[in-house]
Amino acid sequence: MPGKSHHQLFIVAAIIGLALNLRPAMASIGPLLDMIERTIGTSHTWSSLLTAVPVFVMGVCALGSNRMITLLGERQGVFMGIALIGLACAARYVLTGGTGLLLTAVVAGMGIALVQTLLPTFIKRRFVADAGRVFALYTTGIMAGAAIAAASAAGLASSLGHWSLALAIWAVPALLMLPCWSWATRAPAAVLSAAPVRSVAIAERAFWRNGRAWALLLFFGIGTGAYTLVLAWLPPFYTSLGWPASSAGLLLGGLTLVEVLAGLAVSCWIGRFPDRRKPLLMVLIALLSGLMCLLLAPLDLALLACILLGAGIGALFPLSLIVALDHLEEPAQAGMLLAFVQGGGYIIASFMPLIAGLLRDQFSSLDHAWQVMMVGVLLLMGLCLRFSPESYRRINC
């Protein structure tokens, strides 16, 4: 970004570093799910909770972001969040039973929620004109972390000797971000105080009564449901078709790599589309086509499904948040809208892996889960047609 100081660029690097740590606690589970189920002796429904629970906690915590900002402030809240992620991952070395793994999932979800609830406001206020681009880099970093964790999980379990070590190793990069974040935000210009409680509280109350805010929440929730569904169940889907765990993990890693590339494309090209509906429809068509590949010929079309799903999910995630940010200019209120959208959206998304687990226990297949997601994508297509730039004023209530 032209004209930015070296310190500002370091802040961007710190943001990306934080983003890289926001998904490994979940993305490393899917490729190891068969191993975990064999060790603990659980059902598919129970194992789905290892992805569903942190996503649900992320949503609940995001809805309480006003209190987080007031109590902790953005700088301290992000620091605490990344610390909780590191501690949750480290605890998986010893807490290898069902209860222990669920506990670490809750703690990881709380940490992820703190970071991704407070960091967007930081980006919006700190970078102003470049907020959309930095935000796209941030969301791309989230997907890159998922790609690395998914692709390496099975190999790490094999080389380290146990799946618990493959889960615990992600504590290292998370804890390394603690001094990096502290240094990046040490300068007075980069330190953000809590947002004015009165104006934020007014915005928060208004969003609960606003139809457009609920439409944005639903759009983000269903779209993120596709992400959590694939994250949790794509590797077990392919291992059930005879693939080794390492190959299934690499497929998920390749898919998330495509997500990263799609996110980077959004950061480069989003400025050319002030009306976000056209790119949204394009990525939704890609997502729908990828789900059709999983239903019609999952083995023959595995690579095509990987590309289409990755492109659809990878572009949909930042685009859905950018559309929400488009609705408000004032940073504190935009951050509160994003917290509302993410909070309710993640709660909705947390049910998709759980529904898939229930369907797999009932029918011994994930085909029904892909079909449910296809219906959701069709609903998203109808919703996105309503998001014209002229309609953004509907958020002002």
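How do α12 and α13 run relative to each other, roughly parallel or roughly antiparallel? That is a good place to start with this predicted model, and the notes below work outwards from α12.

1. **α12 and α13.** The axes of helix α12 (residues 211-240) and helix α13 (residues 245-269) come within 7 Å, with a crossing angle of roughly 150°. Angles over 145 degrees count as roughly antiparallel, so that is the label for α12 and α13. As for hand, this pair crosses in the right-handed sense.

2. **Who touches whom there.** On the α12 side, the contact uses Tyr227, Val230, Leu231, Leu234, Pro235, Tyr238 and Thr239. Facing them from α13 are Ala245, Ala248, Leu251, Leu252, Leu255 and Glu259. Sorted by class, the contact of α12 with α13 has eleven nonpolar residues, one polar and one charged.

3. **α12 and α17.** Now look at helix α17 (residues 367-384), whose axis comes within 10 Å of that of α12, the two crossing at roughly 155°. α12 and α17 are therefore roughly antiparallel as well. Here, though, the crossing is left-handed, whereas α12 and α13 cross right-handed.

4. **The α12 and α17 contact.** From α12 come Ala215, Leu218, Phe219, Ile222, Gly223, Gly225, Ala226, Leu229, Leu234 and Phe237. Their partners in α17 are Asp367, Ala369, Trp370, Met373, Gly376, Leu379, Leu380, Leu383 and Cys384. The class split for this contact is 15 nonpolar, three polar and one charged. Leu234 is worth a click: it meets α17 and also takes part in the contact with α13.

5. **α3 across α12.** Helix α3 (residues 33-40) packs on α12 at about 80°, the axes being 9 Å apart. That angle makes α3 and α12 roughly perpendicular, because 65 to 115 degrees is the range for that label. In α3 the residues involved are Leu33, Asp34 and Glu37, and they meet Ala232, Trp233, Pro236 and Thr239 in α12. This contact counts four nonpolar, one polar and two charged residues. Thr239 of α12 turns up here and in the α13 contact too.

6. **The largest cavity.** Searching the whole structure gives three cavities of 30 Å³ or more. The largest holds about 50 Å³ of space. Its lining is made of Phe219, Phe220, Gly223, Thr224, Tyr227, Ile313, Leu316, Phe317 and Ser320. α12 and α15 (302-326) each supply at least two of these residues, and α12 gives the most, with five. By class, the lining has six nonpolar residues, three polar and no charged.

7. **Overlap between cavity and packing.** Some lining residues have a second role in the lists above. Phe219 and Gly223 line the largest cavity and also meet α17. Tyr227, another residue of that lining, is part of the contact with α13.

8. **The second largest pocket.** About 250 Å³ of space lies in this pocket. It is lined by 14 residues, and those nearest its centre are Val266, Trp269, Pro279, Met282 and Val283. α13, α14 (277-296) and α15 each supply at least two residues of the lining. The class split is 13 nonpolar, one polar and no charged. Note that α15 contributes to this pocket and to the largest cavity, while α13 lines the pocket and packs against α12.

Notes. Residues numbered from 1 in each chain as written. Predicted model: local features only at pLDDT ≥ 70, side-chain atom pairs only at ≥ 80, totals over all residues. Heavy atoms only, no water. Axes fitted to C-alpha atoms, helices over the stretch in contact; angles between N-to-C directions. Helix = DSSP H or I, 4+ residues; strand = E, 2+ residues; numbered from the N terminus. Parallel < 35°, antiparallel > 145°, perpendicular 65-115°, else oblique. Left-handed = near helix turned anticlockwise from the far one by under 90°. Contact = heavy atoms within 4.5 Å. Nonpolar A, V, L, I, M, F, W, Y, C, P; charged D, E, K, R; others polar. 1 Å grid on protein atoms, 1.4 Å probe; cavity = no way out; pocket = protein on both sides within 12 Å on 5 of 7 lines; lining within 4 Å. Points joined across faces, edges and corners; volume = space filled by probe spheres on them.
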